[in-house]
Amino acid sequence: MYVLTYRCNSLSLSLSNYRFTVYVSTRSLVLTRDAIRICVYNIGVTIGSEEMAVDPRQVLAGVLTVTMFVMLGNMIKRDHFDSVQTAVHETTKASEHGHSSVTKQAEGRWKDEGLALKPCWDKPVLEEVDESQGYVTFSLINGPEYHVSQISDAVVVARYLRATLVLPDIRGSKPGDKRNFEDVYDVEKFITSLDGVVKVVKSQPAKLSAHNIAVVKVPNRVTEEYIAENIEPAFRSKGNIRLATYFPSVNMKKKKEKSKTDSIGCLAMFGTLEPQTEVREVVDSLVNRLRTLSRKSNGQFVAVDLRLDILDKKGCHKNGGSKSCYGPKEIALFLRKIGFDKDTTVYVTESRWDSNLDNLKDFFPKTYTKESIMPMDKKDKFLSSETSEYEKVIDFYISSESDVFVPAISGLFYANVAGKRIASGKTRILVPASIPGSSASSGDFISHYVSKKNHFAYSCFC
């Protein structure tokens, strides 16, 4: 039995331009499955300000019709929809535990291995009386991954010799391919960060010439012993030197014992170089674009260092049982087997689309290059320039700031991107490998630089 009790004696209805007020003196409406019983003592209808007598049966029929629809709706809602909602709630609740491991596995492929670290080096102070009148000059070559190391070595040498460092120019691989430092990097940031450590001048003094500059070779990660034996004699003889850095190894593992130059090297490598404003804005716009395209993965994306020209040169041959590089299809299989699905956004360092990248896009449709996501008004300067210097810098910083970094090519780009990521706490660096089975844990492919904490960055951050 259903009982509906009314608290007022009137029901207002609107029809066209008239307002009808129906007066019903009854206080209750009783409904059962077999009969409907209603007590009505007086019924009247007011139209405007005039009361009219109407057939009570017509009014009663209208009231009953409205009431029955309301009651029927409530019955359906309570007996069907409420029970379904409860069942769905219980089903969802019951399945939460069953899917928890799957959720954790999905989250695991994006999860960093630790928190952001803080610089733990002491900034050395250079006294004015110790400064030399000599100069150290050099050029930045081969891209930002080399620039980082070249800057570090030059600062270490200049500090040891108490010499003045001349702001370097930037040179490409082609003859005449030359840029000013400020075209790519923030000059004021560079000079300010070295204040009190090494004196820096923006341009080479006119008095310097080929006659009073000694050219010396400097191995990457130069030591004090090497400087004392091979560089300092030339500096004392000529009064000025020009450094030519070479790379006997691209390994950035930290040394077993700390040296006196570590603090200077840390500052130079991680605290001096930043893109100039316009380059920084382009990098930020591309990162933001990639995050917008990654809504299904909470704005997270994977950056893959995959340059086809380098792959061709290396031939992707095995070295000592391990491969030095991986092609597009191998990278696609690797990412899929460690849990990345087709909705994953992938950024590749190849500047323009190449048909060889189709193998990667078949697995991950949301695969992009700089050309496909860069604003149109920036392409002429940053993609259509005569040099690839801007492109390399953009790749370096996007790879350093992505949620996951996958180095398809081993080398200094991988090593120095790893260092920058470690410094900022973005330690999700997954090194590709051939996986024989159908799946594997992404945690098994974390870079040794992170898992063993053997990167030079761990000498600088703690």
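User: How do I check the length of a helix such as α13, and what is its span from end to end?

Analyst: Start with the rise along the axis, which is 1.5 Å a residue. In this predicted model, the 13 residues of α13 should span 18 Å, and the end C-alpha atoms are 19 Å apart, so the two values agree. You can try the check again on helix α14 (residues 412-424): its 13 residues reach 18 Å from first C-alpha to last, close to the 18 Å expected.

User: Is α13 mostly covered or mostly open, and which of its residues are buried?

Analyst: α13 is mostly covered, with eleven of its 13 residues buried. Among them are E389, Y390, V393, F396 and S400.

User: Let me look at one of those. Where is S400, and what is it in contact with?

Analyst: S400 belongs to helix α13, which covers residues 389-401. Its relative accessible area is 4%, and buried means under 20%, so S400 counts as buried. Here is a useful idea for reading its surroundings. An α-helix has 3.6 residues a turn, so residues three or four places apart point the same way. Now look at the case here: a polar atom of the S400 side chain lies 2.7 Å from the backbone oxygen of F396. Beyond its neighbours within four places in sequence, S400 is in contact with V417, K420, R421 and K426.

User: Some of those numbers fall in α14. What covers the buried residues of that helix?

Analyst: The cover includes α2 (144-161), α6 (262-271), β16, α13, β21 and α15 (448-451). Like α13, helix α14 is described as mostly covered: eleven of its 13 residues are buried. The buried ones include L412, F413, V417 and R421. Just after α14, G425 takes a positive phi of about 85°.

User: Now strands. Which way do the residues of β16 point?

Analyst: The general idea first. In a regular strand the side chains alternate between the two faces of the sheet. In β16, F301, A303 and D305 point one way, while V302 and V304 point the other way, and all are buried. Five of the five residues of β16 (residues 301-305) are buried, so this strand is largely enclosed by the rest of the structure.

User: Which strands are joined to β16?

Analyst: Strands of a sheet pair through backbone hydrogen bonds, either parallel or antiparallel. Here, four bridges join β16 to β19 (residues 345-348), and the two run parallel. Four bridges also join β16 to β21 (residues 404-407), again running parallel. To find these places in the structure, look for V304, whose bridge partner in β19 is V348, and for D305, whose partner in β21 is P407.

User: How does the chain get from β14 to β15?

Analyst: First see how the strands pair: β14 (residues 214-219) and β15 are parallel over six bridges, with V215 standing opposite R242. The chain crosses from β14 through helix α5 (residues 224-238) to β15, and this β-α-β crossover is right-handed. Strand β15 (residues 240-246) is also joined by three bridges to β8 (residues 135-137), and those two run parallel. In that pairing, T137 stands opposite R242.

User: What does it look like when a strand stands at the edge of a sheet?

Analyst: Take the open sheet of three strands in the order β9-β11-β12, where the pairing is mixed. β9 (139-141) and β12 (178-179) stand at the edges with a single partner strand each, so one side of each is left without a neighbour in the sheet. β9 pairs with β11 (residues 169-171) in the parallel sense over three bridges, and S139 stands opposite D169.

User: Which residues touch the most other members of the largest nonpolar core?

Analyst: In soluble globular proteins, nonpolar side chains tend to be buried together. The largest nonpolar core here has 106 residues, and L165 and I241 touch the most other members. Not counting residues up to four places away in sequence, I241 touches residues including Y135, V157, L161, I213 and F235.

User: And the whole protein: how many helices and strands, and how much is buried?

Analyst: There are 15 helices and 21 strands, and buried residues make up 45% of the 462 residues.

Definitions and conventions
Residues numbered from 1 in each chain as written. Predicted model: local features only at pLDDT ≥ 70, side-chain atom pairs only at ≥ 80, totals over all residues. Heavy atoms only, no water. Buried < 20%, exposed > 50% of the residue type's maximum accessible area, 1.4 Å probe, protein only. Polar contact = N/O pair within 3.5 Å; in protein donor to acceptor, adjacent residues only side chain to side chain. Contact = heavy atoms within 4.5 Å. Expected span 1.5 Å × (residues − 1). Core = buried A, V, L, I, M, F, W, Y, C linked by side-chain atoms within 4.5 Å. Pairing = 2+ DSSP bridges. Right-handed = clockwise from strand over helix to strand, strands pointing away.
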